[in-house]
Amino acid sequence: MTQVGIIGAGPAGLMLSHLLHGQGIASVVLERRSRDYVERRVRAGVLEQGSTDLLAASGVGQRMQREGLAHDGIKLRFAGEEHRIDFRRLTGRGITVYGQQEVVKDLITQRLADGGEIWFETEVTAIEGIDNNPRIAYRRNGDEATLSCEFVAGCDGSHGVAHAGMDAKSYERSYPFSWLGILAKTPPASNELIYAYHERGFALHSMRSPEISRLYVQVDADDTMDAWPEARIWDELRLRLAEPRLQPGEIIEDGITPMRSMVMEPMQCGRLFLAGDAAHIVPATGAKGMNLALADVKVLAEALTAWYRSASRDLLDHYSDRWHG
Ligand code: APR
């Protein structure tokens, strides 16, 4: 029996496990993939101030503070005309360019150093007894077993099992376009992110490091990579971003992401609580998904801490309301 069974070793599950450990609450993280796989999965890359604060305050922010690229604003371009939004001046806050997989690596390292349990290559097949006696059924090395716990955190992403069996409604919207994203070996053409509106569609200039750029163009919802040879990608980026310093470079990763939104209401049922992509998906802009995932588990960790400290169910009962209310 563990206190909290956590499904998924993405940013949500790992940060929850780490925050609970800081409060003396034991958890087990069950993750379908290998450690190597989750540490290499390239996804979001920008941390909002709330996320950098959370990483730093909980003791896993050292590498981010050393290696992350701090930005004080972004550039919006409308048909080539620039408007810089100065976050620092307007809000006193900023963003940090630091890859999701780096956050995942830092959290795994810290959890293992603290003696935390992360069961990789362990696939959860069902969650039972969520009203009073939760059990997580899983498969590992061909064997089937169950883990009993007091609470279950479904941090298993948008294709996970946690939300499937919940008595909750999902609200969804699909947008009539997708984003083609590339990771390219070329220095960023600007020191900040550029969000460009253009009559041919949106484009985004972002970066992962002083040598690697992350670039996106809006494409039709049914487009495949076959329709986008490299030369066409660079031509569209140049045109839409209107950024003369943009230089083509070797494309080391590419893919087309559909734009969709989904939110579950409520995000909890009995002793099962959803967090991160399992509870809501937003289009992949501004790394909102990762930042929301971290914000969710901060709230959930506070609620579980209140329960274990003082047997108060109030914060747990109102977990969903703190988002939807
Ligand atoms: N059993 C065990 N693990 C599972 C199962 C299962 N049945 N189903 C999914 N998982 C694991 C996935 O392999 C993945 O590692 O759950 C994890 C969920 O992690 P993420 O998808 O990263 O979700 P989350 O932690 O909510 O983070 C949200 O992820 O979608 C991206 O970029 C987006 O930044 C956002 C972030």
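This dialogue covers the ligand site and one helix contact in a predicted model.

Reader: What limits apply to the model and its numbering?

Author: Residues are numbered from 1 along each chain as its sequence is written, and side-chain values use heavy atoms, without hydrogens and water. Because the model is predicted, local features need pLDDT of at least 70 and side-chain atom pairs count only at pLDDT 80 or more, while totals for chains, interfaces and linings use all residues.

Reader: Which residues come nearest to the ligand?

Author: A residue is near a molecule if one of its heavy atoms lies within 4 Å of it. Here 28 residues surround the ligand, and Glu 31, Arg 41, Arg 43, Gln 100 and Asp 277 come nearest. The shell holds 12 nonpolar, 8 polar and 8 charged residues (Ala, Val, Leu, Ile, Met, Phe, Trp, Tyr, Cys and Pro count as nonpolar, Asp, Glu, Lys and Arg as charged, the others, Gly among them, as polar).

Reader: Which side chain has an N or O atom 2.8 Å from a ligand oxygen?

Author: A polar contact is a pair of N or O atoms within 3.5 Å. For Arg 43 the distance to a ligand oxygen is 2.8 Å; Arg 41 has a side-chain N or O atom 2.7 Å from a ligand oxygen, and Gln 100 also has one at 2.7 Å.

Reader: How do the axes of α1 and α6 cross?

Author: Helices are DSSP runs (H or I, at least four residues), numbered from the N terminus. Axes are lines fitted to C-alpha atoms over the stretch in contact, with angles from 0 to 180 degrees between N-to-C directions. The axes of α1 and α6 (residues 100–113) come within 10 Å and cross at roughly 35°.

Key
A polar contact is a pair of N or O atoms within 3.5 Å; within protein, one must be able to donate a hydrogen and the other to accept it, and residues adjacent in sequence count only if both atoms are side-chain atoms. Helices (H or I, at least four residues) and strands (E, at least two) are DSSP runs, numbered from the N terminus.
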